[in-house]
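Let's take a walk through a protein model together, starting with one small detail and working outwards. Keep the structure in view as you read.

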Amino acid sequence: MDPHSPTERIDYIFADSGAKLVLAQARFAEKASAAKIVLELDNESSYAPDASNPPPVNKPGDLGYVMYTSGSTGKPKGVMIEHGALLNVIHAMQDAYPLLHDDAFLLKTTYIFDISVAEIFGWVPGNGRLVILEPGAEKNPAEIWQAVVREGITHINFVPSMLIPFAEYLQGRAERHRLRYILACGEAMPDNLVPKVFEVLPEVKLENIYGPTEATIYASRYSLTPDSVESPVPIGKPLANYRMYVLNRHGQLQPIGVPGELCIAGTGLARGYLKNEALTQEKFVAHPLESGERIYRTGDLARYREDGNIEYLGRLDHQVKIRGYRIELDEIRSKLIQEESIQDAVVVARNDQNGQAYLCAYLLSEREWTVGQLRDVLRRELPEYMIPSHFVLMKEFPLTANGKLDRKALPEPDGSVKAEGEYAAPRTELEKTVAKVWADVLGVERVGIRDNFFELGGDSIKGLQIASRLQRHNLIMVVNHLFKYPTVEQIAPHVHFEKIDIEQGLVTGPVVLTPMQRYFFERITSDRHHWNQARMLYRPEGFVQELVQEALNALLRHHDALRMSFCESDEGMVQFNRGDEGTLYAFELVDCMEELDVSRKVEEKANSLQAGMNLQEGPLVQAALFRTRAGDHLLLAIHHLVVDDASWRILLEDFRTAYQQAASGEPISFPKKTHSYQKWAEELQHAAASKKLENELAYWKKVESTPTRPLPKDQETLYQTEQSTVTAWIRFSKAETENLLHHANHAYQTEPHELLLTALGMVLQEWAGASNVSVFLSGRGREAMVKGLDVSRTVGCFRTLFPVVLPAAQSGQVGERIKLVKEMMRAIPNNGIGYSILKHLSASTDKHDSHLTLQPELVFHYSDDFDESGTNDLFTFSHLPQGRLLGPAAERMHQLELYAKIVGDGLAVYAHYNRNEYRKTTIDKLLGLYHYHLNTIVTHCTQKKDVELTPSDFVDKDLSMAELDDIMDLIGDL
């Protein structure tokens, strides 16, 4: 066969029952667009042409195969392979590794793996034999070897992960065999594997083969010898009719020894991705060095050697960022496996229970290592930030069905690699407290006084968490001291006691109105009592009424803000914190056992309860226990003036604790109180007269003076009550949410809410037709305005509102928009809490005239501290209705409100709007635009290889974006 003849073809069809197609003959549309593919598949027969069954006319590039490969997301991608490309590879391999008439190729690779194609067709040019291994034997070295000996196998493929146990199995075996070629492919070849193979099979030719599916399986080769000592093992030079390049990000050839992205051109390139034009255009690009040609960007890191061979250095997407440092994981691995007693290693980035990233190394080694010994090995050549926090010893690495390393199946660190020395117990109360906090934060069973913080998996982020938790014990630790004094024994003398007295009894008496409470009474004049938040809890086993009430009694006594009352006076609205006398909360038991329509019954009762708050006398908490045949549903409704999202997180956790303690007969005990809402409100009043707030005034006046354009409306209306409010919403998938929360941040070092706001700016600029758009943000409101004031466990209405101007990028590019929003957000003084204080409290101090008057049309709420999944070992959230939260006669607080929060495993965005102002189609379009723009932003960030920093990432806070760009350009030219 002539591999370049467009009329040559191979007519075999491989598919699995017409469902998930793995290898199938396909007729491509005449145009090369991957979005215009027409598949003609036969899932039940194999077609072999003969005189009575002539092949159809095969125009150049018209017929080919669809091979499926997994992307970084794990989702299969259909790669369109032309016949000419497949024929080229088969003949190139025949030229390099001749398979003659009496030779045999072993088919042991599952057909869902592209390497199997080389086995299925590799015997054809030499008219040899194909021997098919029994299913399930591909991971059994003994059965593979028996087939090699029994069937006279001469050619065999191995993934290096499987070649390791195969070589170990052959130790001491001496059966006669005909094996001539071992083709190692699919993974990087460990350099210490080469001598092991030649030790047991000295006459075999060991070949290191490289190639992605997109280049038709194989693209380069390198022949190894018993004397080979290369590290890393080269992937060699291109096969016939392939060309390979190492390029920088500008498409220029890299000098010898300088890493860059490996790119491939030539006959073997695929047509593109099936029905994925965007990915095709991203990966198959115009050849930067040869006009009219295409090139495939592999995403692999490589470099040229002086002899012209290419070294594979790892995946670009195996680079991770830990604590601000960009790290190449394969570089750490290569240092570990240089140790003679370490057979293989894998390094991955994991996230701890707090979502912080850390490095973990997995080792195959017979030696008993300690953490310190392994750290010393790596410290010889690597900086401290590249040293893994955890090490795990394993007997074998988990493999996928294809025989490749299964990174997702690697276990959590298990303490199999110990720290040095015997456990030394804490001796003093201070050491015991510090050791206990370390153990809780680091996730270890116990910490000895001589255990090294960093060897236990500590880092600067965990140091901050430790300092914060020690403060709860009135202990002050400087985080930087951990680097100098990394053991409990060393740092204990530098931890000092600073007592902060917090009243643990009932808090009673008058309470100053906070900014958000003042704003509420300014805006809402009707149905003030009916303005609530609620949660409906579900327990299929049922709640015990007495335990529920016992837990709620404890909650209302512990969390003082829940006992507030409000009444009018000559000086305006007055807030008072009641004691524990009178009714703390309203409670009803509702039997729905015989109800045919449980949902309707629950909604009716819930509506009644929601409207039953009494601002003047209390209570501001309503509870109802609904009994149903499928379990119990517990409604908890609380007036918005005394609760927020963070408060709900505290309350539900405390309710769970109290219920379980009561159920086991234990006295109910909560963690100690933090400062009361009464104290917080008092300190805000003092802050309103402070020099610090006065210095913020110029910033906020500048924001308010920014020209803004009113939001467009479909029609004007006089009806601005909650009765006219309608809610629309969209939901992002789990994968989209995962990318937003965990993978999109690296590109510009952003937080998720900064990307949410970037998308909002793009939507509003498109919708309102304005360059800069002003919106109000809802902040957490728990920022540390006063030193020593702790409200981390305080229940109350803390949230604040402050305006921002979402800037438009002059270039219109997504990256510029993201950077502008990031810098805008990080320039906001004290996370925006000062604006509400200046606007609502400063006037009463007569200290300065704020004159902040901007009234928000659109408010954007984003919640990062409450997950609506609500799953724990006591209850989940119920699907039954909670009732109307806001009174129908109450005034609408704002023209348009958007809420973004995590519900279950997906991001949900809700829009509350006036149906008399906006048509449903308008809001649906608005949300659709938001879905589109946010996904565009996330896709841009996750596909971006390089990190772009902005001025806020540097110590020099006066550095401008333009100055930073100039500096980065200079660095890039070096």
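Start with Cys567, which stands opposite Val574 in strand E27. Before going on, keep in mind that this is a predicted model. The two strands to look at here are E26 and E27, the latter made of residues 572–577, and they pair in the antiparallel sense over six bridges.

Now zoom out a little. E26 and E27 belong to an open sheet of three strands, in the order E24-E27-E26, with antiparallel pairing. Which strands sit at the edges? They are E24 (509–511) and E26 (564–569), and each of them pairs on one side only. The sheet isn't flat like a board, either: ignoring direction, neighbouring strands are turned by 40° against each other on average. Something also lies across this sheet. Helix H17, residues 677–687, lies across E24, E26 and E27, and runs at about 45° to E24.

Next, find helix H14, residues 545–558. You can do a quick check on it yourself: at 1.5 Å a residue, its 14 residues should span 20 Å, and because the end C-alpha atoms are 20 Å apart, the model agrees with that. Which residues of H14 are buried? They are Leu547, Val548, Ala551, Leu552, Ala554, Leu555, Leu556 and His558. To make sense of the spacing in a list like that, it helps to know that an α-helix has 3.6 residues a turn, so residues three or four places apart point the same way. And what do the buried residues of H14 pack against? Their partners are strand E28 (586–591), strand E29 (621–628), strand E30 (631–639) and helix H16 (645–663).

For another stop, jump back along the chain to Pro160, which has its place in helix H4, residues 160–169. Is Pro160 buried or exposed? Its relative accessibility is 1%, so it counts as buried. Leaving out residues up to four places away in sequence, Pro160 touches Cys185, Glu187, Ala188, Met189, Pro190 and Leu193. Take a look at Leu405 too: it is 245 residues from Pro160 along the chain, yet their C-alpha atoms are separated by 9.5 Å.

Finally, step back to the whole protein chain. It has 24 helices and 37 strands, and buried residues make up 53% of its 974 residues. Among contacts with a separation of 6 or more, 71% are between residues 24 or more positions apart. As for the outside, the accessible surface comes to about 44100 Å², and carbon and sulfur atoms account for 50% of that.

Methods:
Residues numbered from 1 in each chain as written. Predicted model: local features only at pLDDT ≥ 70, side-chain atom pairs only at ≥ 80, totals over all residues. Heavy atoms only, no water. Helix = DSSP H or I, 4+ residues; strand = E, 2+ residues; numbered from the N terminus. Expected span 1.5 Å × (residues − 1). Buried < 20%, exposed > 50% of the residue type's maximum accessible area, 1.4 Å probe, protein only. Contact = heavy atoms within 4.5 Å. Pairing = 2+ DSSP bridges. Axes fitted to C-alpha atoms, helices over the stretch in contact; angles between N-to-C directions. Areas by Shrake-Rupley, 256 points an atom, 1.4 Å probe, with all protein chains shown as cover.
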